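Reader: I am new to reading protein structures. Could you take me through this one, step by step?

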Amino acid sequence: MKKLASKFLDFSSSWTGTIIIVLFFVFFIAQSFVIPSGSMKRTLLIGDFLFAKKFSYGIPLPEVPIVGIKVLPDFNGNGHLIAGDGPKRGDIVIFYVPTNKKQHFVKRCVAKGGDELLYYDKHLLIHFVEGDEYIKKHYDSSKIVKANGKLWVVNPYMDKFPGIQYKPEYNGNSFLLMLYRMNQIDMKPVYVEDLDAPVMSLTKEPINAFYKKVEPNHYYMMGDNRDNSDDSRFWGSVPYSLIIGTPWATYFSLEFRSYDRVAKGEGGGRDHQLLKKVCGDSDLLSKECEKKWNRYRFTIRWDRIFRNINKMEYEKPTR
């Protein structure tokens with residue numbers, strides 16, 4: 001045993017051994033990612049550096065980092081070397097975007113194959129594929145409404161995960177944006193007669209919600225920052241073949257956004273909620289506020305370093 005351990009130590013100390021061990025770790029165990037946008041705040045923040053657990057839902061095909069070139073062919077036709085169970089409802093998932101299969105996104109899985117969704121302003125309603133009895137058993141009556149002859153759970157994840165929010169950072173909200181782009185999105189505009197929702201009439205037909213039934217072996221992904229998220233509502237369900245893993249832990253966290261990004265949204269990342277905390281009584285668009293932010297910029301978020309994300313997502317956000 002000591003002889004074997006000695007040989008492994010010698011191997012790992014060599015350049016070849018080091019490269020092989022690092023590639024094995026990146027291909028099959030964990031990979032580094034940086035949160036680039038505010039779609040998951042206040043759960044995950046822009047500037048969070050994290051490791052993704054790549055074996056959460058099977059073993060995805062290994063790829064060369066950055067360039068995204070697959071090392072092995074897709075023998076199983078499902079994007080995975082070894083298949084496993086797919087994401088559970090409520091999981092934060094790292095995946096490839098269906099419209100750009102080389103771009104990684106991080107969102108929360110809100111529904112899976114067979115689930116039905118209704119969405120209107122500040123409300124996500126889900127009829128789980130298991131049916132009404134499952135819903136009555138697992139959810140309090142205060143969270144359940146009846147529409148179209150079946151039961152729906154209203155905002156089923158907001159009580160569990162404090163970081164989920166509906167706080168638009170522009171003049172409007174995602175429901176209005178969906179209305180204006182309803183011929184270019186994934187969800188279907190509908191009128192549900194017994195749904196307590198505002199009725200719009202941009203077309204000849206009344207609209208008070210958007211509807212979607214998730215395809216088999218697919219997952220519906222939404223950002224926790226619901227009114228500021230480019231997600232499945234706009235580009236569709238994510239098949240299992242594009243699932244990579246789940247965020248594991250943060251190893252670093254840095255606030256690097258410029259004042260123009262935070263105050264005016266230039267380049268994405270408008271965040272007046274945080275800016276108010278930094279600037280206090282100063283006008284958010286004043287030179288004084290800009291100076292305060294520039295002093296705050298490049299702050300290391302020590303309280304987020306080496307944190308397990310599965311634990312962190314149950315905590316009340318501090319930013």
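Reader: Which residues line the largest cavity?

Author: This is a predicted model. The lining of the largest cavity includes Glu255, Asp271, Leu45, Ile46 and Leu274. Lys41 is there too, with several arginines. Those arginines are Arg42, Arg257, Arg301 and Arg319.

Reader: How much space lies in the largest cavity?

Author: A search of the whole structure, with a lower limit of 30 Å³, finds 1 cavity. The space in the largest cavity is about 60 Å³.

Reader: How is empty space found at all?

Author: A probe is rolled over the atoms, and it shows where empty space is left. The probe is the size of a water molecule.

Reader: Which element gives the largest share of the lining of the largest pocket?

Author: The largest pocket has a volume of about 590 Å³. Elements giving two or more residues to its lining are β1 (30-34), β8 (100-112) and α6 (259-264). In total, 30 residues line the pocket, and Pro36, Ser37, Gly38, Ser39 and Lys107 lie nearest its centre. The largest share, 5 residues, comes from β8.

Reader: Is Lys212 buried or exposed?

Author: Lys212 sits in strand β14, residues 209-213. Its relative accessibility is 8%. Buried means under 20%. Therefore Lys212 counts as buried.

Reader: With which side chain does the side chain of Lys212 make a polar contact?

Author: Beyond four places in sequence, Lys212 is in contact with Asp115, Glu116, Leu117, Asp186, Met187, Tyr220 and Ser237. The polar contact of its side chain has a length of 2.9 Å. The partner is the side chain of Glu215.

Reader: What kind of pair do the rings of Phe128 and Tyr134 form?

Author: The structure holds 13 aromatic pairs. In the pair of Phe128 and Tyr134, the ring centres are 6.1 Å apart and the planes are at 80 degrees. Planes over 60 degrees apart count as edge-to-face. So the pair of Phe128 and Tyr134 is edge-to-face.

Reader: Which of these words, buried or partly exposed, fits Tyr134?

Author: Take its ring partner to begin with: Phe128 has a relative accessible area of 1% and is buried. For Tyr134 the value is 24%. Partly exposed lies between 20% and 50%, so Tyr134 is partly exposed.

Reader: Which residues do ring pairs link into a cluster?

Author: The cluster is joined by ring pairs. Its members are Phe49, Phe51, Tyr251 and Phe252.

Reader: Over the face of which residue does Arg233 lie?

Author: Start with Arg108, which lies over the face of Phe161, 3.9 Å from the ring centre. Arg233 also lies over a ring face, at 4.9 Å from the centre. That ring belongs to Tyr119.

Reader: How far apart in space are Tyr170 and Asp227?

Author: Tyr170 is in the loop between β12 (150-154) and α4 (174-180), and at 32% relative accessibility it counts as partly exposed. Leaving out residues up to four places away in sequence, Tyr170 touches Asp227, Asn228 and Arg270. Tyr170 and Asp227 are 57 residues apart in sequence. From C-alpha to C-alpha, their distance in space is 9.0 Å.

Reader: What share of the residues of the protein counts as buried?

Author: The protein has 9 helices and 18 strands. Among contacts with a separation of 6 or more, 63% join residues 24 or more positions apart. Of the 319 residues, the share that counts as buried is 48%.

Key:
Residues numbered from 1 in each chain as written. Predicted model: local features only at pLDDT ≥ 70, side-chain atom pairs only at ≥ 80, totals over all residues. Heavy atoms only, no water. Helix = DSSP H or I, 4+ residues; strand = E, 2+ residues; numbered from the N terminus. Buried < 20%, exposed > 50% of the residue type's maximum accessible area, 1.4 Å probe, protein only. Polar contact = N/O pair within 3.5 Å; in protein donor to acceptor, adjacent residues only side chain to side chain. Contact = heavy atoms within 4.5 Å. Phe/Tyr/Trp six-rings, centres within 6.5 Å; stacked < 30°, edge-to-face > 60°. Lys NZ or Arg CZ within 6 Å of the ring centre and 35° of its normal. 1 Å grid on protein atoms, 1.4 Å probe; cavity = no way out; pocket = protein on both sides within 12 Å on 5 of 7 lines; lining within 4 Å. Points joined across faces, edges and corners; volume = space filled by probe spheres on them.
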